[in-house]
Amino acid sequence: MSASDSAKINDFVIKIATVNGTGSASANMLLMKAIFRSGIPVMGKNYFPSNIQGLPTWYEIRVSKQGYVACSGRVDIMVAMNAETYSKDVREVAPGGYLIYDSTWPRPALLKREDITAIGVPLAKLCNENFNGVRTRILMKNICYAGVLAALLDLDLEHVRQLLAETYAKKPQLVASNMKAIELGYECAKATFPCPLPLRTEKMAKTSGYIMIDGNTAAALGCVFAGATVAAWYPITPSTSLMDAFKAFSDRMRIDGASGRKNFAFIQAEDELAAIGMVIGASWNGARAFTATSGPGISLMNEFLGLAYYAEVPAVIFDIQRVGPSTGMPTRTQQGDIMACAYASHGDTRQVCLYPANAEECFHMAVQAFDLAERLQTPVLVLSDLDIGMNDWMCREFKWDDAYRPDRGKMLDKAEVEKLEKFYRYVDKDGDGITYRTLPGVHPKAAYFTRGSGHTQFGMYTEDSVDYQLLLDRLLIKWASAKKLVPRALIDATAGGEIGIVSVGSCDGAIREAMDLLRARGVGLNYMRIRAFPFSEDVERFLAAHQVLFVVEQNRDAQLRALLTLETQVEKAKLHSLLHYNGLPISSSFIVEGVLAHLQPGTKSRAAAGQ
Amino acid sequence: MTFIAKPKIAHPSLPRNPLGMTRRDYEGALSTLCAGCGHDSITAAVVEACWELAIEPQNLVKLSGIGCSSKTTAYFVNGAHGFNSVHGRMPSIAMGANAANRNLHYIGVSGDGDTLSIGLGQFCHAIRRNLNMLYIIENNGVYGLTKGQFSASADVGSKAKKGETNFQPPIDAVLLALTLGASFVARSFSGDKEQLVPLIQAGLKHKGFALIDVLSPCVTFNDHEGSTKSYAYTREHYEPAIHTDFVPLQQAITAEYAAGATLPVVLHDGSRIVLRKLDASYDPTDRAACAATIQERLKEEEYLTGLLFFEPGQPEFHDLNGTPEGALNAVPYEALSPGSAGMQKILARYR
Ligand SMILES: Cc1ncc(C[n+]2csc(CCOP(=O)(O)OP(=O)(O)O)c2C)c(N)n1
Ligand code: SF4
Ligand SMILES: [Mg+2]
């Protein structure tokens, strides 16, 4: 085996082009999981249309022995199952790569590339001969290519068999038919081509202690563990799967043993205006409540978010960001709501935001969001995105500490109220800007009136300038307290020097890979990943300590950079934006090119000009 | 504007309810509405109803949107938590609050603007969910707080104070609620406390969504000649169809009712509502007939009033959702978290 061949082991990208609604998702998952169970780090990304059936869809599996999770921007093996996108798909294959196609119908006219290897397998023919029914044949054709790939990549069929057994535990007949399709593909490939390809898998031991999960499922699990009981939402891609997962988990694990009743309320609201209202009403009344939405929903929730900020009612909102403005591209990813969330609503409002970068953080930050919302008595927005939320991420297994108890914040119980002479809702007794609240039904002395109109620290209606300002200023003291409570930025300053990268959320994987690539080219960068708004002290320090700062984000208008210039002392001229906003997840090569173009003028870059 | 506290000295001879509380104990902050505003009379009826029912103040939750009407939640039952939310969105706050604790009394106060324009969607969906609450619309045909624009309940031909005539057909909350499947639908008049108090009591005790559309004249912007929501017009055109008596649990029915014309209904907690037909042909249990009659009489410029439709026993939100009898906000955390052992089981699916 040549050196270049061995470099391709466990380091390549497979892209599968299919048609929406043909059941390719299960085949792709099967392949990815089989690789994962072989101990090899792997990442899956789904590029799907805003459509239910019939439009092109792609799935990308990146096998990476180094554990890189971002898009590499390269395709080594294309499984071209969609005639409509066939010529485009063929063009995308990197020189030296492979094209797998259904040779039932020969396509000589399309096979124009000399620099790649075409592998034709008569998938439709195999399935037509072995299965009955149109739908079954289509589904099995997709499972069949998984078998072909298993042979070409030297995957252990035992993993596949086991995975099928787990998936169809309740429908054993499906295990047999699926396995038959796998074997048909597998045997056909073995008989026709020299298997495995030089570009193949080899067992490793790098995935134990890890799971493969999407960010929305992880966040939903966080809500379950946080003790959330009220979930209200209005369906919108890409947030719906978070709510679906919460319901599925709760239907299994939140049923009261004795009565069979549900220890949760799951409410499909009439719109996002109502969804956030329900969350605020429930949180006000002492339940942990949340909603999940995307940009259009955030826009609708603005008025209520201002009420919750000003009347100081906890609320947890997941914003699974997608491409805007307006309906935009609902099934593509973006970080376009950073500004809209930070200052959501009219008047002087500032909202606490958390920025998870991966599925693991989605889980932990979901729990944290509830604790912060109740501790600070304010909305907490968790800004995930389509890439994090709907793609499968390899991440460390979630550890759960049984000692955890929800932080209900400053909530007075009956005995505590009893001891008071009189209860006042908005008096800052502790000097941290956070006041005490009570729940209805606890004690007649506990009553107070919640309103979005001007109110005094005693909870009374007011139009008095002094009283109004007193309260608004106290909210700033609370904001300062929030800075100390929110998750700190993650800083990697091992490179030393004065050049840094600043980013948020799902850019993380691409940045870490880019940093390795740049280091190999002699460019060392320090990295700060911001994880919350308000910005903690360490953000200010990192910005001050660097002369050149690349701000990497996935939107057109440099929203993170704008927020940094508004909320820190940083000198604007030091911040150079690398902006990726085509709707696809950012790749490492995009960042490498952008950084080099700035540091070594004359190099080509795809990055939008720094501001 | 500052808050004026009412003197809280109860005369020893003031009547007390079974909790030992006087009517004054059920009052709230001093009203800041215009003198003579119908809304204040409704507030007084709510105070009376709660006192008579001997509701523990902390077990009442007061919710409202925005408007003169929505302000009134501050003017009754000081010992209850209140939430004056945003314009038209009180039903969602009520839904969330009720989801968190099903074992409190929820009373929502809204206006015709708050409910029938900006909040129309939430109003309809609260009915569809059969949210267990009493929903009072203080209906004056105008937006009082923004100075007298027509609301969606303004009748065709009704004249605004400045002389403008309304030509758009009104949305009638009662007819709407009937078509949406509401199980308790009433109309009343702020000037008829005798009718209103038992309706409020029955509405608070009803399990499910109870609507009372209360004609409540705005003396400042809609009480003139040519208005169809003025005191004079309402007095003249309102027609009790059903007389409602609320009989609390402890009390025996004492009044004499002519057989055939009365309909006693036992509520879920054992208290009773006795409906007395004032109009022999009107059947408050026949939804379609009710809607037809109400509509016919509206055409004749007559507001039928009373508990116009009643169908107890429909499952409310929690019955449909399958939540436990106790409050969700009181379920101990231990019963909510799958714990580390549960986590291991969950993770197995993702390996
Ligand atoms: C989003 C929003 N839009 C507009 C307003 C202004 N506004 C306040 S009250 C009101 C109308 C209230 O009418 P109604 O509910 O009939 O109450 P009334 O004052 O007549 O009792 C309007 C339009 C507001 N508060 N919020
Ligand atoms: S403006 Fe009309 S509705 Fe408002 S308080 Fe005055 S009388 Fe009542
Ligand atoms: Mg009105």
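Donors are N, O and S atoms within 2.8 Å of the metal, and with that meaning in mind you can begin this tour of a predicted model at one of its metal sites.

**First stop: the magnesium ion**

Select the magnesium ion (ligand 3) and then the residues that supply its protein donors, which are Asp112(B) through OD, Asn140(B) through OD1 and Val142(B) through O, lying 2.1 to 2.2 Å from the ion. If you follow these donors along the chain, you will find that they keep the spacing D-x27-N-x1-V. Colour two of these residues by accessibility: Asn140(B) counts as buried because its relative accessibility is 4%, and Val142(B), with a relative accessible area of 4%, is buried too.

**Second stop: Ser85(B)**

Stay in chain B and select Ser85(B), which is found in the loop between strand 2 (81-84) and helix 3 (90-100). Is Ser85(B) buried or exposed? Ser85(B) has a relative accessibility of 2%, so it counts as buried. Show what surrounds it, leaving aside the neighbours within four places in sequence, and you will see that Ser85(B) is in contact with Phe304(A) and Leu307(A) from chain A, and with Ser64(B), Gly65(B), Ile66(B), Met90(B) and Ile93(B) from chain B.

**Third stop: where the chains meet**

Now display chain A and chain B together, and select the residues of the contact, to which chain A gives 72 residues and chain B gives 57 residues. About 5,300 Å² is buried between chain A and chain B, and carbon and sulfur atoms give 62% of that area. On the chain A side, pick out Arg261(A), Glu270(A) and Phe449(A), which lose the most area to chain B and together make up 11% of what that side buries.

**Fourth stop: chain A as a whole**

Hide chain B and look at chain A as a cartoon, in which there are 20 helices and 22 strands. The radius of gyration of chain A is 27 Å, close to the 25 Å that the globule rule gives for 611 residues, so chain A is as compact as a globular protein of that length. Taken along the principal axes, the C-alpha atoms of chain A fill a box of roughly 85 × 65 × 40 Å. Of the 611 residues in chain A, 60% are buried, and among the contacts in chain A with a separation of 6 or more, 75% are between residues 24 or more positions apart. Switch to a surface view: chain A exposes about 22,800 Å², and carbon and sulfur atoms supply 53% of this.

**Fifth stop: Ala558(A)**

Return to the cartoon and select Ala558(A), which lies in the loop between strand 21 (548-553) and helix 19 (559-567) of chain A. Ala558(A) is buried, because its relative accessible area is 3%. To see a distance across the chain, add Pro196(A), which is 362 residues from Ala558(A) along the chain, and note that their C-alpha atoms are separated by 46 Å.

**Last stop: the cysteines**

A disulfide is a covalent bond between the sulfur atoms of two cysteines. How many disulfides does a search of the whole structure find? Over all chains, the search finds 0 disulfides. Select Cys188(A) and Cys144(A) as an example: the cysteine sulfur closest to that of Cys188(A) is in Cys144(A), and because it is 7.4 Å away it is too far for a bond. Cys188(A) counts as buried, at 16% relative accessibility. Finish in chain B with Cys290(B), which is in no disulfide and whose nearest cysteine sulfur, that of Cys124(B), is 19 Å away. At 1% relative accessibility, Cys290(B) also counts as buried.

Technical notes: Residues are numbered from 1 along each chain as its sequence is written. Chains are lettered from A and ligands numbered from 1 in the order in which they are written. This is a predicted model: local features need pLDDT of at least 70, side-chain atom pairs count only at pLDDT 80 or more; totals for chains, interfaces and linings use all residues. Side-chain values use heavy atoms; hydrogens and water are left out. Donors are N, O and S atoms within 2.8 Å of the metal (3.2 Å for Na, K and Ca); water is not among the atoms, so sites may look incomplete. Buried means under 20% relative accessible area, exposed over 50%, partly exposed in between (1.4 Å probe, protein chains only). A disulfide is a pair of cysteine sulfur atoms within 2.5 Å. Helices (H or I, at least four residues) and strands (E, at least two) are DSSP runs, numbered from the N terminus. The radius of gyration is taken over C-alpha atoms; the globule rule is 2.2 Å times the number of residues to the power 0.38. Contact means heavy atoms within 4.5 Å. Accessible areas come from the Shrake-Rupley method with a 1.4 Å probe; for residues, only the protein chains shown count as cover. Buried area is the accessible area (1.4 Å probe) that two parts lose on being put together, summed over both.
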